[in-house]
Amino acid sequence: MALARIVLTSGRTVDLSALHMSSTYGGLLEGYPCKLLNDRRIDALVRRAGRSFPGAPVHLIPPPREYPDQYAGAFGPVEVLPSVACVGSFHAEALDPSHERALYRSHLTVVWFQATPCVPSGHDAEPGLLDVPWDALATDEEL
């Protein structure tokens with residue numbers, strides 16, 4: 001049973017089977033959010049997603065970056081990402097119509113950021129998540 005079902009803008013319905021949410025800046029003890037720190041956190045999150053869901057392709061939805069009017073330190077201007085980092089494992093019907101529906105499904109791991117810790121559902125999700133080009137990114141797997 002899926003945690004949630006999402007309807008993409010393409011019309012395809014995908015099921016969220018696993019979701020990991022974490023604070024984007026959890027554990028930041030010193031310094032401030034900047035491009036260097038954010039790029040490293042994003043890269044680490046994508047690598048962790050690949051290890052958490054081996055065999056599934058990983059897609060990063062580029063996060064929005066805000067630049068508040070704050071003092072720029074040694075690492076450049078302050079750059080802030082949305083406060084919740086998400087990694088989701090999604091499944092849907094097989095892409096290849098010749099595959100038996102009961103034996104195959106398509107899958108994709110998606111990394112995205114959002115402002116609140118809400119589980120995406122239906123048409124209520126981040127726009128980037130709803131716009132995922134499933135047919136171009138997902139792959140079929142045999143169950």
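**Exercise 1. Classify Arg5 as buried, partly exposed or exposed, given its relative accessible area of 49%.**

Solution.
- Take the cut-offs: buried is under 20% relative accessible area, exposed is over 50%, and partly exposed lies in between (1.4 Å probe, protein chains only).
- Arg5 has 49%, so Arg5 is partly exposed.

Ground rules for what follows: the model is predicted, so local features need pLDDT of at least 70 and side-chain atom pairs pLDDT 80 or more, while totals for chains, interfaces and linings use all residues. Residues are numbered from 1 along each chain as its sequence is written, and side-chain values use heavy atoms, leaving out hydrogens and water.

**Exercise 2. Which residue forms a salt bridge with Arg5, and where do the two partners sit?**

Solution.
- A salt bridge puts a side-chain nitrogen of Lys or Arg within 4 Å of a carboxyl oxygen of Asp or Glu.
- The partner of Arg5 is Asp15, with the closest N and O atoms 2.6 Å apart.
- Arg5 is in strand β1 (residues 4-7) and Asp15 in strand β2 (residues 13-23), so this pair links distant parts of the chain, 10 residues apart.
- Strands are DSSP runs of E, at least two residues; helices are runs of H or I, at least four; both are numbered from the N terminus.

**Exercise 3. How many salt bridges does the structure hold, and what do others among them connect?**

Solution.
- The total is seven.
- One of them joins Asp135 and Arg12 at 2.9 Å, N to O.
- Asp135 belongs to helix α3 (residues 134-137), while Arg12 is in the loop between β1 and β2, 123 residues apart.
- Asp135 has 55% relative accessible area, so Asp135 is exposed.
- Another pairs Glu141 with Arg105, the closest N and O atoms being 2.7 Å apart.
- Glu141 is in strand β6 (residues 139-142) and Arg105 in strand β5 (residues 104-114), so parts 36 residues apart in sequence are tied together.
- Arg105 is partly exposed because its relative accessibility is 29%.
- Salt bridges with shared partners also join Lys35, Asp39, Arg65 and Glu79 into one network.

**Exercise 4. Describe the surroundings of Asn38.**

Solution.
- Place Asn38 in helix α1 (residues 35-52).
- Its relative accessibility is 0%, so Asn38 is buried.
- Contact means heavy atoms within 4.5 Å.
- Beyond four places away in sequence, Asn38 touches Tyr25, Pro33, Arg65, Glu79, Val80 and Leu81.
- The side chains of Asn38 and Tyr25 share a polar contact of 2.8 Å.
- That term needs N or O atoms within 3.5 Å, one able to donate a hydrogen and the other to accept it; residues adjacent in sequence count only through side-chain atoms.

**Exercise 5. Which residues form the aromatic pair, and what is its geometry?**

Solution.
- Rings of Phe, Tyr and Trp (its six-membered ring) pair with centres within 6.5 Å; planes under 30 degrees apart are stacked, over 60 edge-to-face, the rest tilted.
- The count is one pair.
- Phe90 and Trp112 form it: 6.0 Å centre to centre, 45° between the planes, hence tilted.
- Phe90 lies in strand β4 (residues 84-93) and Trp112 in strand β5, so the pair ties parts 22 residues apart in sequence.
- Both Phe90 and Trp112 are buried.

**Exercise 6. Locate Ala115 and list its contacts.**

Solution.
- Ala115 sits in the loop between β5 and α2 (127-130).
- Its relative accessibility is 54%, so Ala115 is exposed.
- Leaving out residues up to four places away in sequence, Ala115 touches Pro82, Ser83, Val84 and Glu126.
- From Ala115 to Thr139 the C-alpha distance is 29 Å, with the two positions 24 residues apart in sequence numbering.
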